[in-house]
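Work through the exercises below with the sequence and the coordinates at hand, and compare each attempt with the solution that follows it.

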Amino acid sequence: MRSCIVINGFSRDAAIYALGVGACARDALDENELKYLYHKDGQQFIQVLPTFAALVSLESIPNISTIPGWQYDTRLLLHGQQYIEIYKPFPSSGCIKNKSSVSGLHDKGKAAILEVETLSYDESGELLCMNRATTYLRGAGGFSTSSHPFSYSKHPTNQVSAVKIPKSQPFAVFEDCTHPSQGLLYRLSGDYNPLHSDPLFAEVAGFSRPILHGLCTLGFAVRAIIRCICRGDPNMVKSILGRFLLHVYPGETLITEMWLEGSRVVYQVQVKERKRTVLSGYVDLNRLTSLLLQNTAQDLPIKVDCSSGKVTLAGK
């Protein structure tokens with residue numbers, strides 16, 4: 001499946017997305033995050049959060065509800081995992097061409113797991129990014145024999161590394177608050193699933209109220225990593241894996257814990273109010289900052305001031 005997405009209003013969409021994942025929510029003058037929303041030389045010069053790449057593929061994901069003979073309740077669809085590889089910065093305008101395909105399908109009995117891969121290209125034909133979304137379809141399984149359940153994957157199962165959370169103390173911790181209207185703001189970036197806005201729809205799906213988009217929680221986590229580990233440089237991010245473990249209700253507090261393993265940041269996100277882990281994964285970096293290199297050499301912990309975003313070596 002191919003599609004072309006015109007992005008003449010790209011800088012506007014990128015800014016709306018940044019607001020949707022909490023940028024400048026605490027402080028409209030936050031110099032660490034204002035760059036995602038405003039630039040003195042014009043909006044076309046704002047910086048773009050790397051998780052914005054996931055939105056580029058949304059319009060090109062095949063409508064699986066139209067597949068003949070395959071029926072499922074869209075209210076029972078859950079986003080299970082998102083993997084992103086970023087190859088070059090996004091253009092400020094023009095056309096992004098997407099090529100999407102089903103890269104995996106697995107019959108789990110009472111549910112089905114669907115994997116969709118989207119490659120995004122700029123107008124010159126250069127590859128911008130790759131997204132692989134894994135969706136858990138409750139009630140859609142059982143389409144093959146139980147003795148030989150159907151399982152297809154385009155990629156080796158070990159291509160994306162498993163997430164193993166270290167038992168040691170986190171390298172850095174960042175606490176951030178979502179707003180009660182966070183899902184309503186995030187949906188303006190193009191994900192209009194009523195599970196995140198309609199109380200009755202959410203109730204039928206088994207939730208007490210609308211839940212936050214998984215990709216919104218991922219955006220909060222990666223923004224925290226950029227702020228704490230990358231010294232505010234979003235271009236350091238090479239690839240992102242997020243596994244959605246549990247729902248988040250808008251208005252809850254997110255605590256992102258980070259561990260540095262070479263050029264990989266392993267992370268997990270917990271909801272403070274319920275003390276539950278809702279997201280885990282890793283972010284691979286292109287390089288390390290001088291502060292992190294100094295930390296590696298001296299084995300000193302990072303100290304993060306959550307109110308200002310200032311990052312220093314402990315004891316300084």
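**Exercise 1: the cavity**

The structure holds one cavity of 30 Å³ or more; state which residues line the largest cavity and how they divide by character.

Solution. This is a predicted model, in which local features need pLDDT of at least 70 and side-chain atom pairs count only at pLDDT 80 or more, while totals for chains, interfaces and linings use all residues. Residues are numbered from 1 along each chain as its sequence is written, and side-chain values use heavy atoms, with hydrogens and water left out.

A cavity is a set of points on a 1 Å grid over the protein atoms alone where a 1.4 Å probe fits but cannot get out, and lining residues have an atom within 4 Å of a point. The largest cavity has a volume of about 40 Å³, a volume being the space filled by probe spheres set on the points. Its lining consists of Asn-32, Glu-33, Tyr-36, Arg-223, Ile-226, Arg-227 and Gly-232, which divide into two nonpolar, two polar and three charged residues (Asp, Glu, Lys and Arg count as charged, and Gly as polar).

**Exercise 2: strand 3**

Describe how strand 3 pairs with strand 4, and establish whether Ser-100 is buried or exposed.

Solution. Strand 3 (residues 95–107) runs antiparallel to strand 4 (residues 111–121), joined by 10 bridges, where pairing requires at least two DSSP bridges and a strand is a DSSP run of E with at least two residues. Asp-107 has Ala-112 in strand 4 as its bridge partner. Ser-100 lies in strand 3 and counts as buried because its relative accessibility is 4%, under the 20% limit (1.4 Å probe, protein chains only).

Definitions and conventions
1 Å grid on protein atoms, 1.4 Å probe; cavity = no way out; pocket = protein on both sides within 12 Å on 5 of 7 lines; lining within 4 Å. Helix = DSSP H or I, 4+ residues; strand = E, 2+ residues; numbered from the N terminus. Buried < 20%, exposed > 50% of the residue type's maximum accessible area, 1.4 Å probe, protein only.
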